[in-house]
Amino acid sequence: MKLILLGVPGAGKGTQAAQISARLGIPTLSTGNILRAAIAAKTPLGLQVEGILAGGELVSDEVILPLIKARMEEPDCKAGYILDGVPRTVAQAEGLEELGVEVDACLFFDVPDAVVIDRLGGRRTCGTCNAAFHVSANPPNVADVCDVCGDALTIRADDEPETIRRRLEVFREQTAPLIDFYTARGKVKPIPCGDKSVEEVTALVFQTLELA
Ligand code: AMP
């Protein structure tokens, strides 16, 4: 199964990707996580993109496409994968098609802006294993400690209020056209999230993918 998870930042894509990944035994491919790991390791790529992420802008398609192509060629991707945060532009979606990638479905996580702004402000992520929590909606067992690997939880640099606003704008300008792109290919499956809990959204996702 090859899935695309589409939705504004903070829509819950990473959290739901983890659930789907565990259920189907396929990896989540997150360009955001790949870029943040490069930044943390201070690689040439990391140094190149650090300011772009901090400003809430998108990294260029020319950087993203080879990155995701290399990741998709790794052996754990043979049975499929979940694309979280990629494609982010029509050019990236076309680039994936040119690589021969045919997805089974594009789940569109539809969440009101107000919900997302609250969520991103309270988001805490693990820099080691990428698990995501929320201070009130999905708190870790011990404050600021990752339930999964025990390392410290941190606030992502791009979860600052001004950057959140810019990321929402960027979504509307550059990523939302993908809804039409994949609707035209009969792939879009809407997930109306409202302010549903993580568990309720997971149930909806499994039902939509006929895994329930
Ligand atoms: P995410 O973790 O998916 O919210 O991504 C965090 C940031 O990484 C974004 O705001 C972009 O700056 C960058 N990024 C991640 N994925 C992409 C992509 N597919 N295309 C361009 N920039 C991306």
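1. Start with the small sheet. In this predicted model, three strands make an open sheet in the order β6-β5-β7, and the pairing is antiparallel. The edges are taken by β6 (132-134) and β7 (153-154); each has a single partner strand, so one side of each is left without a neighbour in the sheet.

2. A look at the pairing inside that sheet: β5 (residues 123-126) runs antiparallel to β7, with 2 bridges between them. If you want a residue pair to click on, Thr125 has Thr154 in β7 as its bridge partner. Helix α6 packs on this sheet as well, where it touches β5 and β6 and points at about 50° to the direction of β5.

3. Now follow α6 the other way. Helix α6 (residues 113-121) also packs with helix α7 (residues 161-175), at an angle of about 135° and with 11 Å between the axes. Roughly antiparallel would need an angle over 145 degrees, and α6 and α7 are therefore oblique to each other. Their crossing is right-handed.

4. Who does the touching? On the α6 side the contact involves Asp113, Val116, Ile117, Leu120 and Gly121, and on the α7 side Ile164, Arg167, Leu168 and Arg172. Sorted by class, the contact of α6 with α7 comes to 5 nonpolar, 1 polar and 3 charged residues.

5. Then there is the other sheet, which has 5 strands. This one is open too, ordered β2-β3-β1-β4-β8, with parallel pairing. Strands β2 (28-30) and β8 (188-192) are the edge strands, each paired on one side only. From one strand to the next, the twist averages 25°.

6. Within the parallel sheet, have a look at β1 (residues 2-7) and β4 (residues 105-110), which pair over 5 bridges in the parallel sense. Leu3, for one, has Ala105 in β4 as its bridge partner. Over at β2 and β3 (81-84), helix α2 (residues 31-40) lies across both strands and runs at about 60° to β2.

7. A few backbone spots deserve a second look. As a reminder, most residues other than glycine have a negative phi, and most peptide bonds are trans. Where does the model have a cis peptide bond? One joins Val86 and Pro87, with omega about 0°. Pro87 sits in the loop between β3 and α5.

8. Two residues other than glycine are worth checking for their positive phi: Lys42, near 55°, and Asn130, near 70°. Lys42 belongs to the loop between α2 and α3 (44-55), while Asn130 is in the loop between β5 and β6, which brings us back to the antiparallel sheet.

9. Are those two buried or exposed? Lys42 has a relative accessible area of 61%, so Lys42 is exposed. Asn130 comes in at 36% relative accessibility and therefore counts as partly exposed; the cut-off for exposed is over 50%.

10. Last one: Gly100. You will find Gly100 in the loop between α5 (90-98) and β4. With 55% relative accessibility, Gly100 counts as exposed. Leu67 is 33 residues from Gly100 along the chain, and 16 Å separates the C-alpha atoms of the two.

How values were computed:
Residues are numbered from 1 along each chain as its sequence is written. This is a predicted model: local features need pLDDT of at least 70, side-chain atom pairs count only at pLDDT 80 or more; totals for chains, interfaces and linings use all residues. Side-chain values use heavy atoms; hydrogens and water are left out. Two strands pair if DSSP finds at least two bridges between them. Helices (H or I, at least four residues) and strands (E, at least two) are DSSP runs, numbered from the N terminus. Axes are lines fitted to C-alpha atoms, for helices over the stretch in contact, and angles run from 0 to 180 degrees between N-to-C directions. Contact means heavy atoms within 4.5 Å. Angles under 35 degrees count as roughly parallel, over 145 as roughly antiparallel, 65 to 115 as roughly perpendicular and the rest as oblique. A crossing is left-handed if the near helix is turned anticlockwise from the far one by less than a right angle, and right-handed if clockwise. Ala, Val, Leu, Ile, Met, Phe, Trp, Tyr, Cys and Pro count as nonpolar, Asp, Glu, Lys and Arg as charged, and the others, Gly among them, as polar. Buried means under 20% relative accessible area, exposed over 50%, partly exposed in between (1.4 Å probe, protein chains only).
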